[in-house]
Amino acid sequence: KFKSKREKYKYVENRSVTMHFCDDDDKGYGGPSPGDLLEPLFKRSSCSYRIESYWTYEVCHGKHVRQYHEEKETGQKINVQEYYLGNMAQRSQSSDTGMPPYLYVPTKNIEGQLTPYYAVEMGNGTPCTLKRNQPRSTAVLYVCHPEAKHEILSIAEVTTCEYEVVVLTPLLCAHPKYRFKSSPVNAIFCQALEGSPLRPQRLIQLDKEQEELLRPPFSTNADTREEDVSPVREEAFTSTHKPMNVGGQVQVTVGTTHISRLTDEQLIKEFLSGSYCLQGGVGWWKYEFCYGKHVHQYHEDKEQGKNIVVVGNWNAEEHIEWAKKNVARSYQLKEDGAQKVKVVSHFYGHGDLCDLTGKPRQVIVKLKCKESESPHAVTVYMMEPQTCQYILGVESPVICRILDTADEQGLLSIPS
């Protein structure tokens, strides 16, 4: 019960519990098994990486899981410290359950959401001295995410020398049992007791105060019509860079943030001037890209503050020299045969000194158009094909508006 002075109310929760083993969307599914859906990933021999403060983790799908650290010794020799956490897929995830795989799909609590997964067990890792030289082993849990790029979401040592890796992949999403399910929401009704008003007076007052705070500022332009106001102002997104959850009721891209309430024109101007930066990424490290200024890698800690690594700084002359030797602007053909810019690449050098190479970090930023339901969403991801030489991918509907303005060096301008 809830009392507000002499007002009395009772909160009643409407619950309806349904127990079921198979969902309705599973009926009639006769497509490939989860193992078959992941087979193309295993055949490509592709690898995913996750960079922590000391260790780098490598998951070569269907082959091995490795953690390693590289250190440069005197004479430019690089010393590699490495451990194999697992080798070779040994058994399917359904072999230990005693139940047919089409009936039993395990779930794991990922960011507060019970998430179905498909597990691939890997053994025969580097012997573990803490377990009488028994080999290390890893369970790789594959989780459906429609727009993921097989990223490593997390790595944990669940027991001594036994690990668990969560990998996000779009391949599983073709199977209905491995898609995210919305969490049930129980409605709550407020019943007034003993002649109390339908809503507490204090609640009515609070609603009025909130309405005043959210009211747009007074405009002196009396000619402004409702249809002239950009619909972007009505989006329920904050102006801060808020990382999205993996699971939950809202399905979004990994590392995606909703970036602004600004109008498209304002946003493009501020982005191209470098005053509005795009942020994203998933895991320990996040990334900040300020067009024509810098690329930063950072980690925020409540106790130690913000740890920033400068990956690259902008220099127009250096980029132009780089563009003369590399493709700064690539095209694709539209349906009518006309050329359209697909992606532009920019060079950012003179980052923080790399301990492993003794040279400054540098990064190639690839800007790509990516359509989305939200016009102000951005996906940011980082790759390191060579030591301390990075590729930063930035994909957003905002970029779609300006790609065709790219000149021969890939430099962008405000569209006319």
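Trainee: Why is the disulfide of Cys 354 and Cys 388 called right-handed?

Mentor: The torsion about its S-S bond is about 65°, so the link is right-handed. This is a predicted model, where local features need pLDDT of at least 70, side-chain atom pairs count only at pLDDT 80 or more, and totals for chains, interfaces and linings use all residues. Residues are numbered from 1 along each chain as its sequence is written, and side-chain values use heavy atoms, without hydrogens and water.

Trainee: What makes Cys 354 and Cys 388 a disulfide?

Mentor: The term requires a pair of cysteine sulfur atoms within 2.5 Å. For Cys 354 and Cys 388 the S to S distance is 2.0 Å, so the pair meets the definition.

Trainee: Why is Cys 354 called buried?

Mentor: Buried means under 20% relative accessible area, exposed over 50%, and partly exposed in between (1.4 Å probe, protein chains only). Cys 354 has 1% relative accessibility, so it counts as buried. Cys 388, at 5%, is also buried.

Trainee: Which term fits Cys 369, buried or exposed or partly exposed?

Mentor: Cys 369 has a relative accessible area of 23%, so it is partly exposed. Cys 400 is partly exposed as well, at 22%.

Trainee: What does the disulfide of Cys 369 and Cys 400 tie together?

Mentor: Cys 369 lies in strand E23 and Cys 400 in helix H5 (residues 397–400), so the link ties together parts that are 31 residues apart in sequence. Helices (H or I, at least four residues) and strands (E, at least two) are DSSP runs, numbered from the N terminus.
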